[in-house]
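This briefing introduces a protein chain to a first-year reader. Please look through the sequence and the structure before reading the points that follow.

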Amino acid sequence: MWMLGGEVITRLNYDPTLRRKPVEKVTFDLLEEEGGPLIWPQITEQQQNAFDASCRKLYRFLQTALDNSQIPTK
């Protein structure tokens, strides 16, 4: 999660318009069913695979929480 947080900070620095969005949205937008963003500077393939596995789990958790939330429509 430390690497994902670092990537969020990097993206916020490169794209100031993201600073106006909630951090939850910025973070969730970096995640996909297949994993997380490619980390730069490059990490080893084994480290990227482990990072992607963690990102997949976080993505599924957040997606389930979002699907199960009872957000009022009014």
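With which residue does Glu7 form a salt bridge? The partner of Glu7 is Arg11, and the closest N and O atoms of the pair are 2.8 Å apart. The structure discussed here is a predicted model. The protein chain contains 3 helices and 0 strands, and its pattern along the sequence reads α-α-α.

**Overall form**

- The C-alpha trace of the protein chain spans about 45 × 30 × 15 Å along its principal axes.
- The protein chain has 74 residues, of which 23% count as buried.
- About 6000 Å² of the protein chain is exposed, and carbon and sulfur atoms supply 56% of that area.
- When contacts between residues at least 6 apart in sequence are considered, 44% of them join residues at least 24 apart.

**Charges and salt bridges**

- The protein chain carries 9 positive and 10 negative side chains. The centres of these two sets lie 7 Å apart.
- A search of the whole structure finds 2 salt bridges.
- One of them joins Glu7 and Arg11, which both lie in helix H1 (residues 2–14). These two residues are 4 residues apart, about one turn of the helix.
- An α-helix has 3.6 residues a turn, so residues three or four places apart point the same way.
- Glu7 is buried, with a relative accessible area of 10%, whereas Arg11 counts as partly exposed at 32%.
- Asp29 forms a salt bridge with Lys25, and the closest N and O atoms of that pair are 3.0 Å apart.
- Asp29 and Lys25 belong to helix H2 (residues 23–30), where they are 4 residues apart, or about one helical turn.
- Asp29 is partly exposed, with a relative accessible area of 45%. Lys25 is also partly exposed, at 43% relative accessibility.

**The buried face of helix H2**

- Val26, Thr27 and Leu30 are buried in H2.
- Seen down the axis of H2, the buried residues fall within an arc of 95°, so they line one face of the helix.
- The buried residues of H2 pack against H1.

**A buried charge in helix H3**

- Asp52 is found in helix H3 (residues 45–68).
- Why does Asp52 have no salt bridge? The nearest side chain of opposite charge, that of Arg56, is 5.1 Å away, and a salt bridge requires a side-chain nitrogen of Lys or Arg within 4 Å of a carboxyl oxygen of Asp or Glu.
- Asp52 is nevertheless buried.
- If its neighbours within four places in sequence are left aside, Asp52 is in contact with Glu34, Gly35 and Gly36.

**Other residues of helix H3**

- Cys55 has its place in helix H3. It is buried, with a relative accessible area of 0%.
- Beyond its neighbours within four places in sequence, Cys55 is in contact with Leu31, Gly35 and Gly36.
- Cys55 and Leu18 are 37 residues apart along the chain, and their C-alpha atoms are separated by 20 Å.
- Gln48 also lies in helix H3. With a relative accessible area of 9%, Gln48 is buried.
- Not counting residues up to four places away in sequence, Gln48 touches Gly36, Pro37, Leu38, Ile39 and Ile43.
- Although Gln48 and Leu38 are 10 residues apart in sequence, they are 7.4 Å apart in space, C-alpha to C-alpha.
- Is Leu58 buried or partly exposed? Leu58 lies in helix H3 and counts as partly exposed, because its relative accessibility is 21% and buried means under 20%.
- Leaving aside its neighbours within four places in sequence, Leu58 is in contact with Met1, Leu4 and Leu31.
- The C-alpha atoms of Leu58 and Pro37 are separated by 13 Å, and the two residues are 21 residues apart along the chain.

Technical notes: Residues are numbered from 1 along each chain as its sequence is written. This is a predicted model: local features need pLDDT of at least 70, side-chain atom pairs count only at pLDDT 80 or more; totals for chains, interfaces and linings use all residues. Side-chain values use heavy atoms; hydrogens and water are left out. Buried means under 20% relative accessible area, exposed over 50%, partly exposed in between (1.4 Å probe, protein chains only). Lys and Arg count as positive and Asp and Glu as negative; His and the chain ends are not counted. Contact means heavy atoms within 4.5 Å. Accessible areas come from the Shrake-Rupley method with a 1.4 Å probe; for residues, only the protein chains shown count as cover. The place of a charge is taken as NZ of Lys, CZ of Arg, CG of Asp or CD of Glu. The arc is that of the directions from the helix axis to the C-beta atoms.
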